[in-house]
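Please read the notes below with the model open beside you. They go from the chain as a whole to single residues.

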Amino acid sequence: MRIVVAERNPFVISALREMLECDGRFDLLGSVQSGKQFLDLAEKGGFDVAIIGWKLADMDGADVLAEVQSRKLDVRITVFSNDHDIGILKQCVRLGAQGYCFQFDDPAIIFDTILAVAHGRICIPYIDINKVNDTPLAQLTVRERELLAVLSDGWTNLQIATRTGISENTVKYHLKNLYDKLDVRNRAMAVALYARERRTQKQPFG
């Protein structure tokens with residue numbers, strides 16, 4: 001099982017490497033400390049599962065997941081978090097992480113999560129699915145959802161302003177409100193959430 005690790009803390013990387021090597025089922029191909037380095041690795045592929053920390057040297061897990069979706073990279077990701085914040089877990093699910101485990105979990109749980117993700121399954125701790133599906137997008141007005149749709153089509157602030165007859169400053173104001181409601185920091189993360197919801201709505205049950 002070919003693994004790459006993205007984690008800013010070298011001690012965590014060292015501990016993971018030791019655990020994976022002792023288990024014998026995993027081949028750690030390499031490790032990086034920044035999101036940019038990880039995305040470069042993901043572009044090249046050649047591994048089965050990526051284990052990424054929630055906080056990297058230059059971005060956090062949400063930024064990485066949003067970039068993976070934006071670039072349509074075919075990579076399976078397990079988030080390896082040291083934070084027990086349920087909000088982070090829900091954000092990872094919404095942004096398409098296939099696995100989620102905690103740094104303080106028993107090694108057997110970590111290994112099972114990695115293996116499940118490598119075999120195409122989703123493996124996350126228990127969470128109320130109804131609450132996950134109640135995404136922040138449900139809070140948006142019709143106008144805000146229209147704005148999000150044109151963002152996903154790649155419109156710039158100037159294009160939005162020109163085609164809707166409002167100023168760029170007004171566009172920025174609406175975008176700030178939109179980002180606040182979605183609890184994201186930039187348009188890439190907002191578009192990733194939007195794309196994720198659209199794919200979920202199109203998937204048949206059963």
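The numbered points below take up the overall fold, the aromatic pairs and a few single residues.

1. Status and make-up. This is a predicted model, and each value in this note was computed from it. The protein chain has 10 helices and 5 strands.

2. Overall dimensions. Along the principal axes, the C-alpha atoms of the protein chain occupy a box of roughly 60 × 35 × 25 Å. The radius of gyration is 18 Å, and a compact globule of 206 residues would have a value near 17 Å, so the two agree.

3. Burial and contacts. Of the 206 residues in the protein chain, 44% count as buried. Among contacts with a separation of 6 or more, 64% are between residues 24 or more positions apart.

4. Surface and charge. The exposed area of the protein chain is about 11300 Å², and 51% of this comes from carbon and sulfur atoms. The protein chain carries 26 positive and 27 negative charges. The mean positions of these two sets are 7 Å apart.

5. The F26 and F111 pair. The count of aromatic pairs comes to 3. In one of them, the ring centres of F26 and F111 are 5.4 Å apart and the planes meet at 35°. Stacked requires planes under 30 degrees apart and edge-to-face over 60, so this pair is tilted. The pair links distant parts of the chain: F26 is in the loop between α1 (10-23) and β2 (27-32), while F111 belongs to helix α5 (residues 107-118), 85 residues apart. Both F26 and F111 are buried.

6. The Y100, F102 and F104 cluster. F102 and F104 form a stacked aromatic pair, with 5.1 Å from centre to centre and 5° between the planes. Ring pairs join Y100, F102 and F104 into a cluster. F102 has a relative accessibility of 7% and therefore counts as buried.

7. Surroundings of F26. What does F26 touch, beyond its neighbours within four places in sequence? The contacts are M1, I3, L20, F111, I114 and L115. For L115, which is 89 residues away from F26 along the chain, the C-alpha separation is 9.4 Å. Is F26 buried or exposed? The cut-off for buried is under 20% relative accessible area, and F26, at 8%, therefore counts as buried. When checking this site in the viewer, look for F26 in the loop between α1 and β2.

8. Backbone at K72. K72 has a phi near 55°, a positive value in a residue that is not glycine. This residue sits in the loop between α3 (61-70) and β4 (77-81). Exposed means over 50% relative accessible area, so K72, at 72%, counts as exposed.

9. Backbone at D183. A positive phi is also found at D183, about 60°, although this residue is not a glycine. D183 lies in the loop between α9 (168-182) and α10 (187-202). With a relative accessibility of 58%, D183 counts as exposed.

10. Points to check by eye. For the aromatic pairs, view the tilted rings of F26 and F111, then the stacked rings of F102 and F104. For the backbone, view the positive phi at K72 and at D183.

Terms used
Residues are numbered from 1 along each chain as its sequence is written. This is a predicted model: local features need pLDDT of at least 70, side-chain atom pairs count only at pLDDT 80 or more; totals for chains, interfaces and linings use all residues. Side-chain values use heavy atoms; hydrogens and water are left out. Helices (H or I, at least four residues) and strands (E, at least two) are DSSP runs, numbered from the N terminus. The radius of gyration is taken over C-alpha atoms; the globule rule is 2.2 Å times the number of residues to the power 0.38. Buried means under 20% relative accessible area, exposed over 50%, partly exposed in between (1.4 Å probe, protein chains only). Contact means heavy atoms within 4.5 Å. Accessible areas come from the Shrake-Rupley method with a 1.4 Å probe; for residues, only the protein chains shown count as cover. Lys and Arg count as positive and Asp and Glu as negative; His and the chain ends are not counted. The place of a charge is taken as NZ of Lys, CZ of Arg, CG of Asp or CD of Glu. Rings of Phe, Tyr and Trp (its six-membered ring) pair if their centres lie within 6.5 Å; planes under 30 degrees apart count as stacked, over 60 as edge-to-face and the rest as tilted.
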